[in-house]
Amino acid sequence: MTECLRKSRKMRIALILCAGAVSCAGMVYLYFHNPHDYPLPCIFYVLTGLYCPGCGSGRASYSILHGQFLDAFCYNPLMTVLLPLIGLYVAVRTLDWVITGGNHVDRKISVKFLIGVLVAVFVYGALRNIPVFPFTLLAPGGFAQIF
């Protein structure tokens, strides 16, 4: 029984290392891929002409990797605010999975909190498409008008 648990823990650690390698490769790509010169198109924007909640995330990620946090906030404020929370969740959930092999984290997150985040994302997506002054700041690069 304990040998089986050791093998499964080794398998989980190997999977985490593989996922980490893929993530590092993605970060290296984002670090050297300049989205200002060669932007990655947003399919939602191409099809509808409206900004999705994720529009500007490529440029924001590029800015974060280069230490330009104010520029990242200008491109996508919501992603810039939620990114540390998502990173913390992924780190804690991964650590829990490697150590115990189970999921003890998700039970501790309030469903009301998750629904609130989901509603905030949808409201943000809707507000950033209203062409009136305070809402135009939410469009990608909108806060650059102020800073």
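## Pockets and a helix: worked exercises

**Exercise 1.** Find which residues line the largest pocket, and sort them by character.

*Solution.* Start with the roll call: the lining consists of L82, L85, I86, L88, Y89, V92, V105, D106, I109, F113, L114 and V117. Bear in mind that this is a predicted model. Next, sort them: 11 are nonpolar, none is polar and one is charged. Now look at the elements: α5 (77-100) and α6 each bring at least two of the lining residues. The top contributor is α5, with six residues. Finally, the space itself comes to about 360 Å³.

**Exercise 2.** Work out what surrounds the second largest pocket, and which element gives the largest share of its lining.

*Solution.* First the volume, which is about 310 Å³. Then the walls: 16 residues line this pocket, with P39, L40, C42, G56 and R59 lying nearest its centre. Two or more lining residues come from each of α2 (43-48) and α3 (57-65). The largest share belongs to α3, at three residues. By character, the lining splits into 10 nonpolar, five polar and one charged.

**Exercise 3.** Check whether the end-to-end span of α6 agrees with its residue count, then see what sits at its start.

*Solution.* Helix α6 covers residues 111-127, which is 17 residues. The expected span uses one less than the number of residues, at 1.5 Å each, so α6 should span 24 Å. Its end C-alpha atoms are 24 Å apart, so the two agree. At the start of α6, a side-chain oxygen of S110 comes within 3.2 Å of the backbone nitrogen of K112.

Technical notes
Residues numbered from 1 in each chain as written. Predicted model: local features only at pLDDT ≥ 70, side-chain atom pairs only at ≥ 80, totals over all residues. Heavy atoms only, no water. Helix = DSSP H or I, 4+ residues; strand = E, 2+ residues; numbered from the N terminus. Polar contact = N/O pair within 3.5 Å; in protein donor to acceptor, adjacent residues only side chain to side chain. 1 Å grid on protein atoms, 1.4 Å probe; cavity = no way out; pocket = protein on both sides within 12 Å on 5 of 7 lines; lining within 4 Å. Points joined across faces, edges and corners; volume = space filled by probe spheres on them. Nonpolar A, V, L, I, M, F, W, Y, C, P; charged D, E, K, R; others polar.
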